[in-house]
Amino acid sequence: MGPEALLAMSILPVLLALASVSPAAPSPTVERPNVVLIMTDDQGYGDLGAHGNPTLRTPRLDRLAEESVELTAFYVSPVCAPTRASLLTGRYHQRTGVTGVTSGFETMDPEEVTLAEVLATAGYRTALFGKWHLGEHYPSVPHAQGFHEYVGFRPGHLEDDYFDPVLEHNGQPLPTRGYITDILTDHAIRFVEDNQGRPFFVYLPYNAPHTPLFVPERYARPYFEQVLPERTALVYGLIASIDENVGRLLDRLDALDLVRDTIVVFLSDNGPIWGWGEGATPRFNAGLRSQKFTVFEGGIRVPFFIRWPGRLEAGLQIGEPAAHIDVLPTLLDYCGVARPAGVHIDGTSLRPLLEGDPDAWPARTLFLHYALETMRAPAPHPGSVARSGRFKLVRGRDTVPWSRSPAPAVAGLYDLVADPGEKHDVAAEHPERRAALDRQYTAWWEEVTARRGFARPPIEVGHPEENPVVLPPHLAGASGGLLFLGPRGLRRARVGPHPTGGGG
């Protein structure tokens, strides 16, 4: 190892330690704005009219984009639970214990400090309405992780139909009537109405447009009439329902005269999925490469809008790379709330970028990692990303291991300003850039995995808040060729083994 690499590795722990004990002080002049954080599930960058989709109509989301600052190079993990862990903690998900989406690998360490916990301690009333997917057993559940009010479901899939589902309210079953996206929005609106006199935080993680693709016929009909593939027509119908419901919530904020007092954030948890069969038809994704589960742009680059009228410039678009880890420090900064003591936050407050002061923005490299084939035996590659400025170093596959024609893992350096579709590997033209990003990624991987193993956490029993404890099949460890066979969560109840070994 050369002196440059040794110096980098010796400095890195010092920088990390300084970052963890020197949180940015909140501005004494900042108000305590309300926060509404909306996240959709499997909605791609191209699943918006505002991003050039020629078929899908999303008038309310398009209007939100016009009223917001948009980050056009915003990154998340390529699957659900890791994104949610990073979003709520400001930390790379590897630090939180979350490495996958099922079989226990989606369970976040209950000792992690969530955005809800920090804001609740600062006097905010906090609520989650929708999909949790960070643990199915107490205390890794929303009502033990800072949310005063929780209506939704814990696993990655809603086990019921999307119509009249049985949800959960703070640990107790809650039968409901209606369509899931309407129900969650109704609860969010009611919470806003009940708490309009004090600062509130609403986290609204819709489970749409994730499978199963159940949607009221009136939303999907316009897309079937255009003779789109069934899956695309149904997904677009699900997004049309989201669009209408986001509009309902924004209209209520307006009617209550809370618009200028409320920060609204909208994003998705990962890219779209259109299937892995030979005949799968990709849907529009603005020219980005590949889909969910992959670390190419189509799997990890998502819409991101942040609106605060009177404070942030409507219509401003920013191309500087940002990520899920930046949301917590940004919101704490604007809310005038200090970061949690003794916790290393990986993200950076986006305030300089959002307020048009790029000179105050630090140069940095973003890192991502996810690969199904190494989930049980973590390895730095494939599934690795290092993004700095206009360049991205990636080692990944365009397919997943269970696809009919698995693609080999490839490594490439891409200039995403000139080539957002990742078509041209420029490593030969920029060998020093490639080598530098490779060194940075290696140092990051070694540091972020140094303190925590990747074994699945035990399921705790004996908590009075949860008795009895229910053990779902996908958390079991099967051996001897035994497979869990159950509904796979698609529109028509396909039965078969889950690709990752569980049933979730």
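## Exercises on a predicted model

**Exercise 1.** Using its relative accessibility of 3%, decide whether His133 counts as buried or exposed. Then state where His133 is found and what is unusual about its phi.

*Solution.*
- Step 1: The structure is a predicted model, so the values below are computed from it.
- Step 2: The cut-off for buried is under 20% relative accessible area.
- Step 3: His133 has 3% relative accessibility and therefore counts as buried.
- Step 4: The loop between β4 and β5 holds His133.
- Step 5: Most residues other than glycine have a negative phi.
- Step 6: His133 is not a glycine, yet its phi is positive, about 60°.

**Exercise 2.** Asp164 is another residue to classify: is it buried, partly exposed or exposed?

*Solution.*
- Step 1: Partly exposed covers the range between under 20% (buried) and over 50% (exposed).
- Step 2: The relative accessibility of Asp164 is 36%, so Asp164 counts as partly exposed.
- Step 3: Asp164 sits in the loop between β5 and β6 (166-169).
- Step 4: Its phi is positive as well, about 55°, although Asp164 is not a glycine.

**Exercise 3.** Which residues does a cis peptide bond join to Pro139 and to Pro212, and in which loops do Pro139 and Pro212 lie?

*Solution.*
- Step 1: Most peptide bonds are trans.
- Step 2: Tyr138 is joined to Pro139 by a cis bond, with omega about 10°.
- Step 3: Pro139 belongs to the loop between β4 (125-131) and β5 (149-153).
- Step 4: Thr211 is joined to Pro212 by a cis bond, with omega about 5°.
- Step 5: Pro212 belongs to the loop between β8 (200-205) and α7.

**Exercise 4.** Describe how helix α7 packs against helix α8.

*Solution.*
- Step 1: Helix α7 covers residues 217-224 and helix α8 covers residues 230-255; their axes are 8 Å apart, at an angle of about 130°.
- Step 2: This angle makes α7 oblique to α8.
- Step 3: The crossing of α7 past α8 is right-handed.
- Step 4: From α7, the contact uses Arg218, Tyr219, Ala220, Tyr223 and Phe224. From α8, the contacting residues include Leu234, Tyr236, Gly237 and Glu244.
- Step 5: Sorted by class, this contact of α7 with α8 has 8 nonpolar, 2 polar and 3 charged residues.

**Exercise 5.** How many disulfides does the structure hold, and are Cys80 and Cys335 buried or exposed?

*Solution.*
- Step 1: The number of disulfides is 0.
- Step 2: Cys80 has a relative accessible area of 3% and is buried.
- Step 3: Cys335, at 0% relative accessibility, counts as buried.

Definitions and conventions
Residues numbered from 1 in each chain as written. Predicted model: local features only at pLDDT ≥ 70, side-chain atom pairs only at ≥ 80, totals over all residues. Heavy atoms only, no water. Axes fitted to C-alpha atoms, helices over the stretch in contact; angles between N-to-C directions. Helix = DSSP H or I, 4+ residues; strand = E, 2+ residues; numbered from the N terminus. Parallel < 35°, antiparallel > 145°, perpendicular 65-115°, else oblique. Left-handed = near helix turned anticlockwise from the far one by under 90°. Contact = heavy atoms within 4.5 Å. Nonpolar A, V, L, I, M, F, W, Y, C, P; charged D, E, K, R; others polar. Disulfide = S-S within 2.5 Å. Buried < 20%, exposed > 50% of the residue type's maximum accessible area, 1.4 Å probe, protein only.
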